[in-house]
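Colleague: I have just opened this model and would like to go through its architecture. Could we begin with how the helices pack?

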Amino acid sequence: MRVLIATDAWRPQINGVVRSLEHMAEEAPRFGAEIVFLTPERFRSFPMPTYPEIRLSLTRPGIIARILDEVKPTHVHIATEGPIGLAMRLVCSRQRRAFTTSYHTRFPEYVAARTPIPESWSYRALLRFHESARAMMVSTPSLERELMGRGFRNIMRWTRGVDTSLFRPRKERVLDAAAPVFLYVGRVAVEKNLEAFLRLDLPGTKVVVGDGPLRPVLEVKYPAARFLGPLTGEDLARVYASADVFVFPSLTDTFGIVLLEALASGLPIAAFPVTGPMDVIGSSGCGILKEDLREAALAALDIPHDRCRAYGETFTWQESARQFFSNIETAHAGA
């Protein structure tokens, strides 16, 4: 199996899409598969308006067709709905080539937060994008139900994993901050609803890891919070292990790999009862999901950290990859 994955999301972006795809490539040999990526690195690009960290590639269907001829993939997977994904979809349709897609990001909500474009318009565009795929992969049961209600079909489940050797409880605390430490990790952008966390009246210290367009504004507005900027690898893992509760204020994430990283690090979760946290936490007892985020954050302090670690260990990238490659084989079986 040689899978060509077309994605507009790629390094140096730090997000769940990129991490998921990287881990699929690492696990591919276990499943007799090879992954070839088609990313913005192959093309000239320009920064996306209002979101400059995302690069929009300048490509054409003819270029995509030549790349397909060179790579000769047995399967094609389109991971994103940007310029590369759109061009790949067009070429596959012209060549009557079967392909799968995945739904990672709530672009309709993100676009509506930045522009006057109604969510309904964006959802109609996404429905057209995904409807000709052999299957569309989503990460959670609640997202599947929601999208089916919007008319999406041929949905398959593709969960996520976590590196439990990197993200783990540690004895040392690298944060010189008053306890308890309430941690957020992720994009510092409007769609993450970060102010719902920062404006809470909580004891101890609020810590924010990540970067984004709102960071300069929020640093000034909330001087008591600690903004550490983007962190990866061991630096990020040590910060997780130095916190007491992970607060996830987003209302729009489709999953939230950071939730798994926090759990593997032994952190209980405080979040709203929405898609992502509801699916990840479930009945595990490893988080508090309430409309009152302050109440959830304070109650989460009483959750045993060893319980969270044990639950976090049940999410593996190997199982995520097994689902991914199995979905592709099943979807293409009738192509």
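Modeller: In this predicted model, helices α1 and α14 are roughly perpendicular to each other, because their packing angle is about 85° and angles of 65 to 115 degrees count as such.

Colleague: How far apart are the axes of α1 and α14?

Modeller: The axes of α1 (residues 16-27) and α14 (residues 317-332) lie 9 Å apart.

Colleague: Which residues meet there?

Modeller: From α1, the contact involves R19, S20, H23, M24 and E27. Their counterparts in α14 are W317, Q318, S320, A321, F324 and F325. By character, the residues of this contact divide into 5 nonpolar, 4 polar and 2 charged.

Colleague: Let us turn to the sheet. In what order do the strands run?

Modeller: The open sheet has 6 strands in the order β11-β10-β9-β12-β13-β14, and their pairing is parallel. Strands β11 (226-229) and β14 (287-289) are at the edges with a single partner strand each, so one side of each has no neighbour in the sheet. On average, neighbouring strands are turned by 25° against each other, direction ignored.

Colleague: And how many bridges join β12 and β13?

Modeller: Strand β12 (residues 245-248) pairs with β13 (residues 269-271) over 3 bridges, in the parallel sense. One bridge partnership is that of V247 with A270 in β13.

Colleague: Which strands does α9 touch?

Modeller: Helix α9 (residues 233-241) packs on the sheet against β9, β10, β11 and β12, and its direction makes about 145° with that of β9. Helix α12 (residues 293-300) also packs on the sheet, touching β9, β12, β13 and β14, with its direction at about 170° to that of β13.

Key:
Residues numbered from 1 in each chain as written. Predicted model: local features only at pLDDT ≥ 70, side-chain atom pairs only at ≥ 80, totals over all residues. Heavy atoms only, no water. Pairing = 2+ DSSP bridges. Helix = DSSP H or I, 4+ residues; strand = E, 2+ residues; numbered from the N terminus. Axes fitted to C-alpha atoms, helices over the stretch in contact; angles between N-to-C directions. Contact = heavy atoms within 4.5 Å. Parallel < 35°, antiparallel > 145°, perpendicular 65-115°, else oblique. Nonpolar A, V, L, I, M, F, W, Y, C, P; charged D, E, K, R; others polar.
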